[in-house]
Amino acid sequence: MLHQSLRLSQAKSGMSQGIYAIEPIHKGSIVWAPEENAQILSWTAICNLPKSQKESFLKYGFQCGDDQFSNPCDISRHINHSCNPNCGWNPYFRLVAIKDILASEQATYDYSSNDFDIPFRFECNCQELNCRLIISNRDHLLEGIRFYYVDEPPAYIKSRRASINSNSS
């Protein structure tokens, strides 16, 4: 479910469509939450989808747990990546505004903050000062990357990070 103040619109030049605020959204507001009937699939199930559905999943889907993935079917699938996002995940897997979002500002989150197992790599167009230029599902392994969460990350992210940290010590 998308926040009532967000609408699909054409993004800045060089970017695809995006989700923009039509009025201010305050820090701490839920920007997006999964629908109650959201389809959750395992990676094996995704790999067995017909080609067009699998391609859609790989383009718009996101990870929401250990071997759990969802593919929003509404306009929320157009929330774009930014290396300096204004939204982050809370422990209950909701996207929350981590700072005030101004009217006409695009709602964004860092795709690398939750998608560890969906393979992706793309050139970033966010044009932020801290842009990483290339974004991938392996960015969580890089030193010095700040990820944006509210309070603490969802449980699967927390356990994954703990596992990575224990293996590197």
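This passage describes the overall fold of the protein, its aromatic residues and the surroundings of one loop residue.

The structure is a predicted model. Its secondary structure consists of 3 helices and 12 strands. With 169 residues, the globule rule gives a radius of gyration of 15 Å, and the value for the protein is close to this at 16 Å, so the chain is as compact as a globular protein of that length. Along the principal axes, the C-alpha atoms occupy a box of roughly 45 × 40 × 30 Å.

Of the 169 residues, 46% are buried. Among contacts with a separation of 6 or more, 63% join residues 24 or more positions apart. The accessible surface amounts to about 9,400 Å², and carbon and sulfur atoms contribute 50% of that area. As for charge, there are 16 positive and 18 negative side chains, with the centres of the two sets 3 Å apart.

Turning to the aromatic residues, the structure contains 10 aromatic pairs. One of them is formed by Trp89 and Tyr109, whose ring centres lie 5.3 Å apart; the planes meet at 75 degrees, and an angle over 60 counts as edge-to-face, so this pair is assigned to that class. The two partners come from distant parts of the chain, being 20 residues apart: Trp89 sits in strand β8 (residues 87-89), while Tyr109 belongs to strand β10 (residues 108-109). Both partners fall under the 20% cut-off for burial, because the relative accessibility of Trp89 is 1% and that of Tyr109 is 8%. Trp89 and Tyr109 are also members of one aromatic cluster, which further includes Trp32, Phe62, Phe93, Tyr111, Phe120 and Phe122.

A member of that cluster, Phe120, appears again in the surroundings of Asn137, with which it is in contact. Asn137 is located in the loop between β12 (134-136) and α3 (155-168). Although it lies in a loop, Asn137 is buried, because its relative accessibility of 9% is under 20%. Apart from neighbours within four places in sequence, Asn137 touches Asp115, Phe116, Asp117, Ile118 and Pro119 as well as Phe120. Ser113 can be placed in relation to this residue too: the C-alpha atoms of Asn137 and Ser113 are 8.5 Å apart, with their positions 24 residues apart along the chain.

Note on methods
Residues are numbered from 1 along each chain as its sequence is written. This is a predicted model: local features need pLDDT of at least 70, side-chain atom pairs count only at pLDDT 80 or more; totals for chains, interfaces and linings use all residues. Side-chain values use heavy atoms; hydrogens and water are left out. Helices (H or I, at least four residues) and strands (E, at least two) are DSSP runs, numbered from the N terminus. The radius of gyration is taken over C-alpha atoms; the globule rule is 2.2 Å times the number of residues to the power 0.38. Buried means under 20% relative accessible area, exposed over 50%, partly exposed in between (1.4 Å probe, protein chains only). Contact means heavy atoms within 4.5 Å. Accessible areas come from the Shrake-Rupley method with a 1.4 Å probe; for residues, only the protein chains shown count as cover. Lys and Arg count as positive and Asp and Glu as negative; His and the chain ends are not counted. The place of a charge is taken as NZ of Lys, CZ of Arg, CG of Asp or CD of Glu. Rings of Phe, Tyr and Trp (its six-membered ring) pair if their centres lie within 6.5 Å; planes under 30 degrees apart count as stacked, over 60 as edge-to-face and the rest as tilted.
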